[in-house]
Amino acid sequence: MLLSCPQEEAPAPLPDNPLALERPSLGDGLLEESERGRQRLTQIPYQVYLGHTSQVSCCNFCFDDTRFITSSFDESVILWDVATRSQICDYRLHSAPVTECCLSPDNQRLFTSSWDKSLKAWDVETGKVLWAVVHHRPLTCCDISFDGRHVVCGSDINNAIYIRASDSGSPIASLQEQHGSMVTRCRFSPDGQRVASTSCDRTARIWDMLTHRTTITLQRHGNVVSDCCFTQQGNALCTSSWDRTLLIWDISVGQFRSQGPLKLAGGHRGCVSSCTFSRDANLIVAGSYDHSVSIWDTAGLYTKLVLKDHNDWVTDVDISADNASVLSACKDSTVLLWNIERLDQIPAVQSQRKLGGENVVQCADCRKPFSICLEDSSLPTCCPFCRLPQLPGV
């Protein structure tokens, strides 16, 4: 069950095991203000939420970003209120670490996966378990479809993926040995027709809900593929890896087969644990075992900013729908809520853009802003996502 992370290139040695349960002692209380309250160089204010007593495995915004939910190796799930900075509900009926949690689109049901081999559905308001299914092996992840009809979970040891009806837990599909090693993450596409999964076997696979077969296998990472996320349009998939990179794959027409994916590298000195697209696909937020969170410009394919005030491995990240806030979960049992509303006004971000010789223009197709290189002799008129089939691989 426990995995080893490649040696970090850090001034001080980091722990060798990314799934270890040890944690430093923390103070009492639900919210702790940082000694600085902001990153001194980057001017990003943040708040530290305390409530879990072990590694936080997952964090997700919900209820139109007015709340967020977290799961932990302390066998609990906590629903937080952003405005009051307090716990709304604490869900505790698992007997082993909770590996992931997710809410239905209507925010009425909570789904949790655990090393106790169970997938549970909860009533968010009452905290009662609606149904529970115990599998043969420990569960490592879970996700719910955008229409709320299906829930998927991945497992260790038998490396399987299970798809169930979200209202009853009834089985829909059981993909035994979908990967050659432990499944690290599984995600539904926005249209609910595909399920992407990542694994310690260094691959990501996409399974088709209509044909009931694996249609795409992505093999470019040099180490464990830790996470994946779709754009809201479903035309691109981002994967993160312990090889310290993120890759963006064109899955709309499969151009990656001949030209390869777009590569984001150099933002982290340690394993990349998690990734998520912003709703408008202008940003990718990634977490790493080097204790930092990176924010990437998807148009210019560069790191806009790296947030570095975590004291241990960052295990999961999320970004609000309006791109104003970032959540990051940590192995030391804390959750940080970053205010990035004025991200583009920060001198460090502006300097990074100037170093790349970039300018921001409007896409002729989708009308969204994107970055271009001023030295490019053939300036594009469309953003990378509108040009995905024509983009050369990196």
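The following questions and answers look at the cores, one buried leucine and the cysteines of a predicted model. Residues are numbered from 1 along each chain as its sequence is written. Local features need pLDDT of at least 70 and side-chain atom pairs count only at pLDDT 80 or more, while totals for chains, interfaces and linings use all residues; side-chain values use heavy atoms, with hydrogens and water left out.

Student: Which strand gives the most to the largest nonpolar core?

Tutor: A nonpolar core is a set of buried Ala, Val, Leu, Ile, Met, Phe, Trp, Tyr and Cys residues joined through side-chain atoms within 4.5 Å, and the largest one here has 20 residues. Strands (DSSP runs of E, at least two residues, numbered from the N terminus) that each supply at least two residues of this core include S2 (46-49) and S24 (283-288). The strand giving the most, with three residues, is S27.

Student: Is Leu-103 buried or exposed?

Tutor: Leu-103 lies in strand S7, residues 98-103, and is in contact (heavy atoms within 4.5 Å) with residues including Phe-63, Val-124 and Ile-144. Buried means under 20% relative accessible area, exposed over 50% and partly exposed in between, with a 1.4 Å probe and protein chains only. Because its relative accessibility is 14%, Leu-103 counts as buried.

Student: How far from Cys-275 is the nearest cysteine sulfur?

Tutor: A disulfide is a pair of cysteine sulfur atoms within 2.5 Å, and a search of the whole structure finds zero of them. Cys-275 is accordingly in no disulfide, and the nearest cysteine sulfur, which belongs to Cys-229, lies at a distance of 3.8 Å.

Technical notes: Helices (H or I, at least four residues) and strands (E, at least two) are DSSP runs, numbered from the N terminus. Lists of a residue's contacts leave out its neighbours within four places in sequence.
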